[in-house]
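Reader: I'm new to this one and would like a friendly walk through it. Could we take it one question at a time?

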Amino acid sequence: MRKLILKRIAPRETYTIGKLFLDGEYICDTLEDTVRDSNNDGDLTDPGEKKIWGETAIPRGTYKVVPIVSRKFGKTFWLQNVPSFSEILIHCGNNPEHTHGCILLGWNKAKGMVLDSQKAMNIFREKLKNDTDIQIEIQ
């Protein structure tokens with residue numbers, strides 16, 4: 001099994017920056033929506049924690065990742081069984097408006113953004129090109 005770890009390092013009011021590792025190797029940075037799981041228990045059911053469609057990062061936890069082909073993003077990766085979320089992908093994009101709850105890949109070279117997203121996605125695809133047994137742990 002291939003193991004992805006997403007370490008969230010900079011939660012902000014309108015976005016979250018993280019670092020993505022594959023089997024312990026740093027791959028790139030990530031951009032997600034705002035983390036609203038304030039007590040970090042992996043769900044959004046506690047008082048003060050409200051999921052806002054397209055503006056909320058997925059809860060901490062471990063999820064199965066399935067390679068798929070998307071009409072919009074080409075070969076990409078789908079996170080399965082994310083509570084209260086659907087169609088969560090790892091894909092290209094640069095700013096919080098591109099996330100819609102998904103995980104964007106790139107390098108955090110500008111405040112609140114990831115750049116060179118297509119390059120990061122190509123590296124990611126290449127590293128996982130023949131793998132189907134993949135998990136991601138979101139910390």
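Reader: Let's start with charges. How far apart are the closest N and O atoms in the salt bridge that R2 forms with D131?

Author: Keep in mind that this is a predicted model. Side chains of opposite charge can pair when their charged atoms come close. R2 lies in strand β1 and D131 in the loop between α1 (117–127) and β9 (134–138), so the pair ties together parts that are 129 residues apart in sequence. In the salt bridge of R2 with D131, the closest N and O atoms are apart by 2.8 Å.

Reader: Is D131 buried, exposed or partly exposed?

Author: Buried would need a relative accessible area under 20%, and exposed would need over 50%. D131 has a relative accessible area of 21%, so D131 counts as partly exposed.

Reader: Which residue meets R2 in a salt bridge of 2.5 Å, N to O?

Author: The side chain of R2, at 22% relative accessibility, counts as belonging to a partly exposed residue. Its partner at 2.5 Å, N to O, is D23. R2 sits in strand β1 (residues 2–11) and the partner in the loop between β2 (16–22) and β3 (25–32), so this pair ties together parts that are 21 residues apart in sequence. With 43% relative accessibility, the partly exposed partner is D23.

Reader: What is the N to O distance in the salt bridge where the side chains of E126 and K129 meet?

Author: Look at how open the two ends are. E126 has a relative accessible area of 48% and is partly exposed, and K129 is partly exposed too, with 46%. Their side chains meet in a salt bridge with an N to O distance of 2.9 Å.

Reader: Which residues are joined into one network by salt bridges that share partners?

Author: The structure holds eight salt bridges. R2 forms one of them with D131, and R2 also meets D23 in a salt bridge. Sharing partners in this way, the salt bridges make one network of R2, D23 and D131.

Reader: Now for the inside. Which residues touch the most other members of the largest nonpolar core?

Author: In soluble globular proteins, nonpolar side chains tend to be buried together. The largest nonpolar core here has 27 residues. L105 is a good place to zoom in: leaving out residues up to four places away in sequence, its contacts include L20, I90, V114, M121 and F124. The residues that touch the most other core members are L79, L105, F124 and I136.

Reader: How many residues are in the other core that lies apart from it?

Author: Apart from the largest nonpolar core lies another one. Y15, L31, L104 and V114 are among its members. The number of residues in this other core is six.

Reader: Let me pick I134. How far apart in space are I134 and L4, C-alpha to C-alpha?

Author: I134 is in strand β9 and is buried, with a relative accessible area of 1%. Not counting residues up to four places away in sequence, I134 touches R2, L4, Y63, K64, V65, P67, F77 and L128. In sequence, I134 and L4 are 130 residues apart, but in space their C-alpha to C-alpha distance is 7.4 Å.

Reader: On to the pockets. Which element gives the most to the lining of the largest pocket?

Author: The largest pocket holds about 440 Å³ of space. Its lining has 20 residues, with S86, E87, I88, H100 and C102 nearest the centre. The elements giving two or more residues to that lining are β4 (61–70) and β6 (88–91). With three residues, the one that gives the most is β6.

Reader: How many residues of the lining of the second largest pocket are charged?

Author: The second largest pocket has a volume of about 150 Å³. Its lining includes E13, D33, R36, E55 and E97. The lining divides into one nonpolar residue, five polar ones and, for the charged group, five.

Reader: Any backbone oddities? Which residue in the loop between β8 (113–115) and α1 has a positive phi although it is not a glycine?

Author: S84 has a positive phi of about 70° without being a glycine, but S84 is in the loop between β5 (74–79) and β6. The residue in the loop between β8 and α1 has a positive phi of about 55°. At 39% relative accessibility this residue counts as partly exposed, and it is D116.

Key: Residues are numbered from 1 along each chain as its sequence is written. This is a predicted model: local features need pLDDT of at least 70, side-chain atom pairs count only at pLDDT 80 or more; totals for chains, interfaces and linings use all residues. Side-chain values use heavy atoms; hydrogens and water are left out. On a 1 Å grid over the protein atoms alone, a cavity is a set of points where a 1.4 Å probe fits but cannot get out, and a pocket is an open set with protein on both sides within 12 Å along at least five of seven lines; lining residues have an atom within 4 Å of a point. Grid points are joined across faces, edges and corners, and a volume is the space filled by probe spheres set on the points. Helices (H or I, at least four residues) and strands (E, at least two) are DSSP runs, numbered from the N terminus. Ala, Val, Leu, Ile, Met, Phe, Trp, Tyr, Cys and Pro count as nonpolar, Asp, Glu, Lys and Arg as charged, and the others, Gly among them, as polar. A nonpolar core is a set of buried Ala, Val, Leu, Ile, Met, Phe, Trp, Tyr and Cys residues joined through side-chain atoms within 4.5 Å. Buried means under 20% relative accessible area, exposed over 50%, partly exposed in between (1.4 Å probe, protein chains only). Contact means heavy atoms within 4.5 Å. A salt bridge is a side-chain nitrogen of Lys or Arg within 4 Å of a carboxyl oxygen of Asp or Glu.
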